[in-house]
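Reader: I would like a close look at a single part of this model: the closed-off space inside, if there is any, and what surrounds it. Please place it in the chain as a whole, and then add the local details that deserve a check by eye.

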Amino acid sequence: MPSPLSKPRHAVVIGGSFAGLCVARTLADFVERVTVLDRDRFPDGPRLRTGIPQARHLHVLVTSGQRALDRLFPGLMAELYDRGAVPVAAPTDLLSLSPNGWRERFPATHTLVGASRELLDWTIRQRLAADGRIRFETAREVVGLLPGPDGASVTGVLLRVRNGGAEIHRCEADLVVDASGRGSRTPQWLAALGYGRPEETRIDAGLGYASRRYRLAPGVADGWKNIMLMPKPPQVSRAGVLYPIENGRWMVTVGGFGDEIPPTDETGFLEFTRNLRSPLIYEAIRDAEPDGPIHGFRRTGNHRRHYETMPRWPEGFLVVGDAACAFNPVYGQGMSVAAQTAVVLGEHLRAHRRFGRAAQAAVAGCSATAWTIATGTDLRFAAGAVRPGRRGRLSYWYLDRASDVADRDPYVLRVLTDVQHLVRPPTALAHPRVALRVLRGPTRPPLSTPPVTVPGRPAPGR
């Protein structure tokens, strides 16, 4: 039987990703020191870095992630707002065009955080840098794992200094966490140590998107803070989002499936936006001031490595974040799952004092709900996907019906939003009180025009 964690001294986290930063904070409560290794050199402020290409695009922090982050870093949400992040009341502040029509703007049940990825990372890194137990070593490329003398554990990593020659260095540790993202080399490292490789599941809907930041003209966004134009499969596969971030800027992300991939040139990007299901986003940005170039992104497949089911697993090793389970970023789940994972890891270590197979299974469970939501939707678009059987078709029908009813029913919308914010499981949508409303269907006709004003608020000055 593996031995419990008896006074571990040093933990190494591979990757200063969002998951890596959150896990580093958790580990600091169980070891004397934590070292975070990253290939990049971190910027000395809230700026983009090359190691996170997704940072140039829209990031959403849902309620479950906010709660987890405030547990890991007390007061973090308030600090983000002090630094310019924008609170977005959901659904009140949203102009949302669902596949069935415009959604009514009911009283808020959740709050989104309008902030860039670089602001989130910088704020958390500052918190960690102020903790004497945690240090960052940048420009370090991990090239392998150090096996323990017992042949059943990992006792550190092998690394080299980027642009420092070919010399390989040893970095010994009691605990090692891989948080290096989608490009993780753990399958190869484990195979080299005799553990074999994990089974993998990939579901790729073929989504591609492009993003740009803007400064909107005064008055354009009076009365709302977020526009979301969803696709309407199979007729329309384009979608778009306009979302506020800090310092008076706005992020626009547009995307499509299959052949409907947005271009990254000025004319093509605007023309793609103009041909979304509604012209609202185009009208908001056509005279806006660009705040940077247009960036494209194509690596959006859902990819899960099933480490928790491997026949053998080394003690002292863990894989988290996108290195273990990566979601289509369009659903805005990754950061929240990463933060929840760090919280669950802390609870597991306090209860069991073990860092091995059981810990890997515990963190794998954090991805279950988000994986179900992301893949359940993407399977409709994925090339070569198996045609759903009767039960699958019924499930799709019910979810489509629930979305339609939610457009005009505040109770169903609240439950649906709870699920999307990962605070309730998808089974909440099958609760009898919800199911009765869904099966009954909408009680009012759909809105024919976007609800640019909220009941009780003055009309925006346009």
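Author: The secondary structure of the protein chain amounts to 13 helices and 21 strands. The model is a predicted one, and every value below is computed from it.

The overall form comes before the cavity. For 462 residues, a compact globule would be expected to have a radius of gyration near 23 Å, and the chain agrees because its own value is 23 Å. Along the principal axes, the C-alpha atoms fill a box of roughly 70 × 50 × 40 Å. Buried residues make up 54% of the 462. Among contacts with a separation of 6 or more, 73% are between residues 24 or more positions apart. The accessible surface is about 20300 Å², and carbon and sulfur atoms account for 52% of that area.

Now the part you asked about. Rolling a probe the size of a water molecule over the atoms shows where empty space is left. A search of the whole structure turns up one cavity of 30 Å³ or more. The largest cavity holds about 60 Å³ of space. Its lining draws on two stretches of numbering: P43, R47, L48, R49, I52 and A55 are among the lining residues, and so are R117, E118, D121 and R125. By class, the lining has six charged residues, four nonpolar ones and no polar ones. The charged side chains named in the lining include R47, R49, E118 and D121.

Elsewhere, burial can be followed helix by helix. In helix α1 (residues 18–27), ten of the ten residues are buried, so the helix is largely enclosed by the rest of the structure. R25 is one of these buried residues, along with T26, C22 and F18. In helix α6 (residues 266–274), the buried residues are G268, F269, L270, F272 and T273. They pack against the strands β13 (207–215), β15 (238–245) and β16 (249–257), and also against helix α7 (280–285).

V434 gives a view of a single buried side chain. It sits in helix α13, and counts as buried because its relative accessible area is 1%, under the 20% cut-off. Leaving aside residues up to four places away in sequence, V434 touches Y398, Y411, V412, V415, A428 and L429. One of those partners, V412, is 22 residues away along the chain, yet the two C-alpha atoms are separated by 6.1 Å.

Three points of backbone geometry remain for checking by eye. A90 and P91 are joined by a cis peptide bond, with omega about 10 degrees; P91 belongs to the loop between β3 (86–90) and β4 (94–98). A139 is a residue other than glycine with a positive phi, near 55 degrees. Its place is the loop between β7 (134–137) and β8 (140–147), and A139 counts as buried because its relative accessibility is 4%. L422 likewise has a positive phi without being glycine, here near 60 degrees. L422 is found in the loop between α12 (410–420) and α13 (432–440); at 12% relative accessibility, this leucine also counts as buried.

Terms used. Residues are numbered from 1 along each chain as its sequence is written. This is a predicted model: local features need pLDDT of at least 70, side-chain atom pairs count only at pLDDT 80 or more; totals for chains, interfaces and linings use all residues. Side-chain values use heavy atoms; hydrogens and water are left out. On a 1 Å grid over the protein atoms alone, a cavity is a set of points where a 1.4 Å probe fits but cannot get out, and a pocket is an open set with protein on both sides within 12 Å along at least five of seven lines; lining residues have an atom within 4 Å of a point. Grid points are joined across faces, edges and corners, and a volume is the space filled by probe spheres set on the points. Helices (H or I, at least four residues) and strands (E, at least two) are DSSP runs, numbered from the N terminus. The radius of gyration is taken over C-alpha atoms; the globule rule is 2.2 Å times the number of residues to the power 0.38. Buried means under 20% relative accessible area, exposed over 50%, partly exposed in between (1.4 Å probe, protein chains only). Contact means heavy atoms within 4.5 Å. Accessible areas come from the Shrake-Rupley method with a 1.4 Å probe; for residues, only the protein chains shown count as cover.
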